[in-house]
Amino acid sequence: MVDVIIPVYRPDEKLERLIGKLKEQTVTPEHIFFMQTKVDENEDKKVRALLEQCDNGVITEIEKKDFDHGGTRNQGASLSTADYMLFMTQDAVPVKTDLIEQLLRAMENPEVGVAYGRQLPNDEVGIVECYTREFNYPKESRLKAKEDLEQLGIKTYFCSNVCALYRKSVYEEMGGFVLHTIFNEDMIMASKIIQAGYKIAYVAEAEVVHAHKYTYREQFSRNFDMAVSQQQYREVFEGIKSESEGIRLVKKTMKYLISKGKWYLIPDLVLQSGFKYLGYRKGKNYEKLSQKKILKYSMNKTYWKKEKTDKGERDE
């Protein structure tokens, strides 16, 4: 039995397409738990009307101040009694009707704790992002285990809740996702799964369309938040090669652009990479920054406001 858990916040038309594709799956989910962050009454009513069209949908409303990348997903997981839980984001649209079937097939190996799918770009993101998707989500499936850390480094822990199927027993053994994290709740969970001796399956046959076209500023902010999460959970990420993966991606992308006669896009690639790196370095040193600068740099400003409130409550 499989349940699907989807956080929902101001969705666009992709969520409707996602729901439609879930209805067509060869393996029908028992429930689809929609964790809906409330915005305003009129907007919430429109979203709720869409979600209520889903026969096996269960809607849980969440106050915006209470949303948390790990905590909200844990709340969804607490509603599920299924053996497997498929976490998805509202903008990930399955390509085929056998998405869940393919992910379940990887679970036939009892050593697999989580299986995640392949993310494909849409037509709007451009050739650089298309190649980045190919780099991070290749055509070949593979299993990753603890012994791969030396060769793969941080990529061993790579796993994305954009589309990831968890074995419920392993999820519970790991204690669920970390609470109050700005980013990377999936990779932090993946690191625990690997360290506990389980394996992670990358299932290239389980495809979803999911990509974003970020501005330079957004690239900076996204990498800032990513580095903050790595710094906050440094016990997970320290001692594992990470930045070298980014350098390797830039070099390979340059070669790819040249091979395709798109050499004129290299300055754009350099700028993108520069903003990513600057964001990453700032995030690594976020503890030395003022609250004003942190709020300026971060993509997830709500997190910091909640962090400040929670810290105030702990200090009282």
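## Exercises on a predicted model

Let us start with one pair: Arg-234 and Glu-287 form a salt bridge, with their closest N and O atoms 3.2 Å apart. This pair links distant parts of the chain, since Arg-234 sits in helix α10 (residues 234-237) and Glu-287 in the loop between α12 (266-284) and α13 (291-297), 53 residues apart. A salt bridge here is a side-chain nitrogen of Lys or Arg within 4 Å of a carboxyl oxygen of Asp or Glu.

Before you go on, note that this is a predicted model, in which local features need pLDDT of at least 70, side-chain atom pairs count only at pLDDT 80 or more, and totals for chains, interfaces and linings use all residues. Residues are numbered from 1 along each chain as its sequence is written, and side-chain values use heavy atoms, leaving out hydrogens and water.

**Exercise 1. Describe the protein chain as a whole.**

Step 1: Take the secondary structure, which comes to 14 helices and 9 strands. Helices (H or I, at least four residues) and strands (E, at least two) are DSSP runs, numbered from the N terminus.

Step 2: Compare the radius of gyration with the globule rule. The chain has 19 Å, close to the 20 Å that the rule gives for 316 residues, so it is as compact as a globular protein of that length. The radius is taken over C-alpha atoms, and the rule is 2.2 Å times the number of residues to the power 0.38.

Step 3: Along the principal axes, the C-alpha atoms fill a box of roughly 50 × 50 × 40 Å.

Step 4: Look at burial. Of the 316 residues, 51% are buried, where buried means under 20% relative accessible area, exposed over 50% and partly exposed in between (1.4 Å probe, protein chains only).

**Exercise 2. Check the length of helix α9, then find its buried residues.**

Step 1: Helix α9 covers residues 216-232, which is 17 residues. The expected span is 1.5 Å times one less than the number of residues.

Step 2: That gives 24 Å for α9, and its end C-alpha atoms are 24 Å apart, which agrees.

Step 3: The buried residues of α9 include Phe-220, Phe-224 and Val-228.

**Exercise 3. Compare two more salt bridges.**

Step 1: By the salt-bridge rule, the count comes to 17.

Step 2: Glu-43 and Arg-10 meet through their side chains at 3.2 Å, N to O. Glu-43 lies in helix α2 (residues 41-51) and Arg-10 in the loop between β1 (2-8) and α1 (13-23), so the pair ties together parts that are 33 residues apart in sequence. Glu-43 is partly exposed at 23% relative accessible area, and Arg-10 is partly exposed at 47%.

Step 3: Arg-133 and Glu-129 have their closest N and O atoms 3.4 Å apart. Both lie in helix α5 (residues 127-136), 4 residues apart, about one turn of the helix. Arg-133 and Glu-129 are buried.

**Exercise 4. Does Asp-98 count as paired or unpaired, and what does Asp-98 touch?**

Step 1: Asp-98 is found in the loop between β5 (93-94) and α4 (99-106).

Step 2: Asp-98 is buried yet has no salt bridge; Lys-96, the nearest side chain of opposite charge, is 5.7 Å away. For charge, Lys and Arg count as positive and Asp and Glu as negative, while His and the chain ends are not counted.

Step 3: Leaving aside residues up to four places away in sequence, Asp-98 touches Gln-25 and Thr-26, with contact meaning heavy atoms within 4.5 Å.
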